[in-house]
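This report describes the architecture and selected side-chain interactions of a single chain. The sequence and structure are shown first, and the discussion follows.

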Amino acid sequence: MRRQQSGFTLVEIAIVLVIIGLLLGGILKGQELINSAKVKNLANDFRVIPTYIYAYQDKFRSLPGDDTQATTHINCGTGSSACANGNGNGVIDGNWDASTGESFQFWQQVRYANLAAGPTATDDPTYLPQNAVGGKLGITSATTTQTVAGITGTYVVCSSGVLGKFAKQLDIQMDDGNTATGSMRTVGDGSGTLVDNAGAAVPTASIDDSKTYQVCMGF
């Protein structure tokens, strides 16, 4: 007798390939949804920070971080939770990611004013906020030295550790679609800081989707 050879039929192979295709499609779609959610959260950071400023000014007639009467206005605590008054020069002084100064105090004052969530103790490891991708998030005045070259506005919000593909999506969603022009601009991530107007914006065509960048928006 001839031994019958076992194996998969063409129908069985086709079914397996269809299942694999469905699984891969589901995984890719799921990743797409995750990436979309990250971009949405990153965009929300740029939208919500200005509201902290306007709400604080409306309530106290002062700029958060720069408020000369912060200790009276927001009744802040003692020790590492104690806040300090600003110099009242109408500017949020300091680098956007600084660990001292008015840009650093900004977060404590908007939290004590119940405008933003987060710890008020400055020695808390989570005191400085992070964006949706684990990068730094901060604000400074556009009149300080730490701004992106050519960016305009009174204040500048910056977010670091942003993948190039996210940076491009953010600019399309919130600005003119060109990462080197408009109110939102992208620069190389580097150490996460910009010094003495050294941050030249990177044009969209030069953005590497897999590399991280620092995205800043003036308003």
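## Overall architecture

What share of the contacts in the chain with a separation of 6 or more is accounted for by residues 24 or more positions apart? In this predicted model, such residues account for 62% of those contacts. The chain comprises 219 residues, of which 42% count as buried.

The secondary structure amounts to four helices and four strands. Read from the N terminus, the order of elements is α-α-α-β-β-α-β-β.

## Helix α4 and its buried face

Helix α4 spans residues 164–174, and its buried residues are Gly164, Phe166, Ala167, Leu170 and Asp171. Viewed down the axis of α4, these buried residues fall within an arc of 155°, so they line one face of the helix. The general geometry is consistent with such spacing: an α-helix has 3.6 residues a turn, so residues three or four places apart point the same way.

Helix α4 also contributes Lys168, whose side chain meets that of Asp209 in a salt bridge with an N to O distance of 2.6 Å. Asp209 belongs to the loop between β3 (184–188) and β4 (212–218), so the pair ties α4 to a part of the chain 41 residues apart in sequence. Asp209 is partly exposed, its relative accessible area being 36%.

## The second salt bridge

The structure holds two salt bridges. Besides the pair described above, Lys136 forms a salt bridge with Asp97, and the closest N and O atoms are 3.9 Å apart. Lys136 is in the loop between α3 and β1 (137–141), whereas Asp97 is in the loop between α2 (70–73) and α3, so this pair ties together parts that are 39 residues apart in sequence.

The two partners differ in accessibility class: Lys136 is partly exposed at a relative accessible area of 41%, while Asp97 counts as buried at 15%.

## A buried acid without a salt bridge

Glu102 is located in helix α3, which covers residues 102–112. Is Glu102 buried or exposed? Glu102 is buried and yet has no salt bridge. The nearest side chain of opposite charge is that of Arg111, 17 Å away. Since a salt bridge requires the nitrogen and the carboxyl oxygen to lie within 4 Å, Arg111 at 17 Å does not qualify as a partner.

A polar atom of the Glu102 side chain does, however, lie 2.9 Å from the backbone nitrogen of Asn87. Leaving aside residues up to four places away in sequence, Glu102 touches Gly65, Asp66, Gly86, Asn87, Gly88, Asn89, Val91, Ile92 and Asp93.

## Aromatic pairs

How many aromatic pairs does the structure hold? There are five. One of them joins Phe104 and Tyr127 in a tilted arrangement, with 4.7 Å centre to centre and 55° between the planes. This pair links distant parts of the chain, given that Phe104 is in helix α3 and Tyr127 is in the loop between α3 and β1, 23 residues apart. Both Phe104 and Tyr127 are buried.

Phe106 and Trp107 form an edge-to-face pair, with 5.1 Å centre to centre and 85° between the planes. Phe106 and Trp107 are likewise buried. In addition, ring pairs link Tyr54, Tyr155 and Phe219 into a cluster.

## Surroundings of Thr71

Thr71 is situated in helix α2 and is partly exposed, with a relative accessible area of 35%. Excluding residues up to four places away in sequence, Thr71 touches Cys76, Cys83 and Asn85. The C-alpha atoms of Thr71 and Gln109 are separated by 9.1 Å, although these residues are 38 residues apart along the chain.

## Backbone conformations with positive phi

Most residues other than glycine have a negative phi. Against that background, Arg61 has a positive phi near 55°. Arg61 is in the loop between α1 (10–60) and α2, and counts as exposed at 66% relative accessibility.

Asn75, which is not a glycine either, has a positive phi of about 50°. Asn75 is in the loop between α2 and α3, and at 65% relative accessibility it counts as exposed.

Technical notes: Residues are numbered from 1 along each chain as its sequence is written. This is a predicted model: local features need pLDDT of at least 70, side-chain atom pairs count only at pLDDT 80 or more; totals for chains, interfaces and linings use all residues. Side-chain values use heavy atoms; hydrogens and water are left out. Buried means under 20% relative accessible area, exposed over 50%, partly exposed in between (1.4 Å probe, protein chains only). Helices (H or I, at least four residues) and strands (E, at least two) are DSSP runs, numbered from the N terminus. The arc is that of the directions from the helix axis to the C-beta atoms. Lys and Arg count as positive and Asp and Glu as negative; His and the chain ends are not counted. A polar contact is a pair of N or O atoms within 3.5 Å; within protein, one must be able to donate a hydrogen and the other to accept it, and residues adjacent in sequence count only if both atoms are side-chain atoms. Contact means heavy atoms within 4.5 Å. Rings of Phe, Tyr and Trp (its six-membered ring) pair if their centres lie within 6.5 Å; planes under 30 degrees apart count as stacked, over 60 as edge-to-face and the rest as tilted.
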